[in-house]
Amino acid sequence: MTTTTPRPSPRRPAEPAPPSSSLLGQWNSAVTSYYVLLGATALLLVIGLVMVLSSSSVESLDDGDSPYAVFFDQAKYALIGLPLLFGLSRAPVRFFQAIAWPALAFGIVFQLAVFTPLGCGGEGGNNNWVCLPGFSAQPSETIKLALAIWLGAVLTRKLHLLREWKHALIPAVPVAGIAILVVLAGHDLGTALVLILLVAGALFVAGVPMRMFGLAALLAGGLTFLLTVSSTNRKDRIMSWLSDECDAASSCYQTLHGGWGLASGGWGGLGLGESREKWSYLPAAHNDFIFAILGEELGLIGTLLVLGLFGLLAFAMIRVIRRHPDPFVQITTGAILCWIIGQALVNVAVVIGLAPVIGIPLPLVSAGGSALIMTMAALGVLISFARSEPGAAEALAARPGVVRRSLAVIGRSRG
């Protein structure tokens, strides 16, 4: 008589005891993840548009453009991202499983286009953009979402074998390594570090043994060290961050002015539009260092609001991982969680001086078309997962729509 080994499930925390009060029961309802994701995304998007307008207007005028130039671009990208978010939020889980391999292949090929005549350089010496007349895009942002979905599909199929080294590593690590290497070839270490966080999140949720993470951390640390010492720009940034004495007129200039912006905001800020640092003092005020302008204009209250919204996103993602029965959904959500929340934490750490400047934007808030569109697409995927949580689809279908509720209110008022 043969026995079968039970298939292990991905790593997930234990379910809490059911809440006793009705208020907690509503907070822990089947559609909580859906509404928290939707609400936090909308609020961060609105805050981002407002702060991009405020932080970029002076530089736009100085360049001879309209003060609304960067804002209009960001609003355009948001309008492109909205139908993409909505469409993906309505897609079934099996759709994402079906496109896993084609999506990753497209992302890698698209990234390789930066090494053709279509490639163009970005800030900080990166060669990580594709430029056409009237159009530019950062292919590495596409790789983030594609890699998250691909890891979910591949690791789900090998879930019962992940305790063995060869199955935990192959094909996930080599293929992910190729995706990371093609980004590194464009000299974009910041995006590569985010991709490493993404891969680690997927492997952790899949249940890969922790001892494998120790070896992976050593390899990643060694690779990061080699890439750092091989680049004068990266080495100068890290050495200036580690040094007690740093030239405030060059290598420490950006970090110093970012700190001044946050410090001058106090509790309530100087007021929306009243930043001093955006008057050509703080480089990248509307993208990588927008958190400093936010703190200067809206104060500690504003920064805590933004951090709280990212905390709500993290709460909703963790809730999807805990509640959803599909391992593909759990693993993909874990990867996107480490991407978006990890990137946000790294950006904030850079602005407040806890990490060296590595050129990572604040998701949904910083200016940047490719990053905004792909982050919105990733959140659309998560909203789709939240809609398919146990009981969520039935609860959403049972609730009256906005139009029907409005008509009912009008009918009662006339009666």
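**Aromatic contacts and a three-stranded sheet**

In this predicted model, F385 has a relative accessible area of 0% and is therefore buried, the cut-off for that class being under 20%. F328 likewise counts as buried, because its relative accessibility is 0%.

Eight aromatic pairs are present in the structure, and one of them is formed by F328 and F385, whose rings adopt an edge-to-face arrangement with a centre-to-centre distance of 6.1 Å and an angle of 80° between the planes. This pair connects distant parts of the chain, since F328 belongs to helix α14 (residues 327-351) and F385 to helix α15 (residues 369-387), the two residues being 57 residues apart. The contact between F328 and F385 is also part of a wider grouping, in that F95, F96, F328 and F385 together make up one aromatic cluster.

The model further contains an open sheet of three strands, arranged in the order β1-β2-β3 with antiparallel pairing. Within this sheet, β1 (119-120) and β3 (135-137) occupy the edges and each has a single partner strand, so that one side of each remains without a neighbour in the sheet. Strand β1 runs antiparallel to β2 (residues 129-132), to which two bridges join it; at the level of individual residues, G119 has V130 of β2 as its bridge partner. In general, the strands of a sheet pair through hydrogen bonds of the backbone, in either a parallel or an antiparallel manner.

Technical notes:
Residues numbered from 1 in each chain as written. Predicted model: local features only at pLDDT ≥ 70, side-chain atom pairs only at ≥ 80, totals over all residues. Heavy atoms only, no water. Phe/Tyr/Trp six-rings, centres within 6.5 Å; stacked < 30°, edge-to-face > 60°. Helix = DSSP H or I, 4+ residues; strand = E, 2+ residues; numbered from the N terminus. Buried < 20%, exposed > 50% of the residue type's maximum accessible area, 1.4 Å probe, protein only. Pairing = 2+ DSSP bridges.
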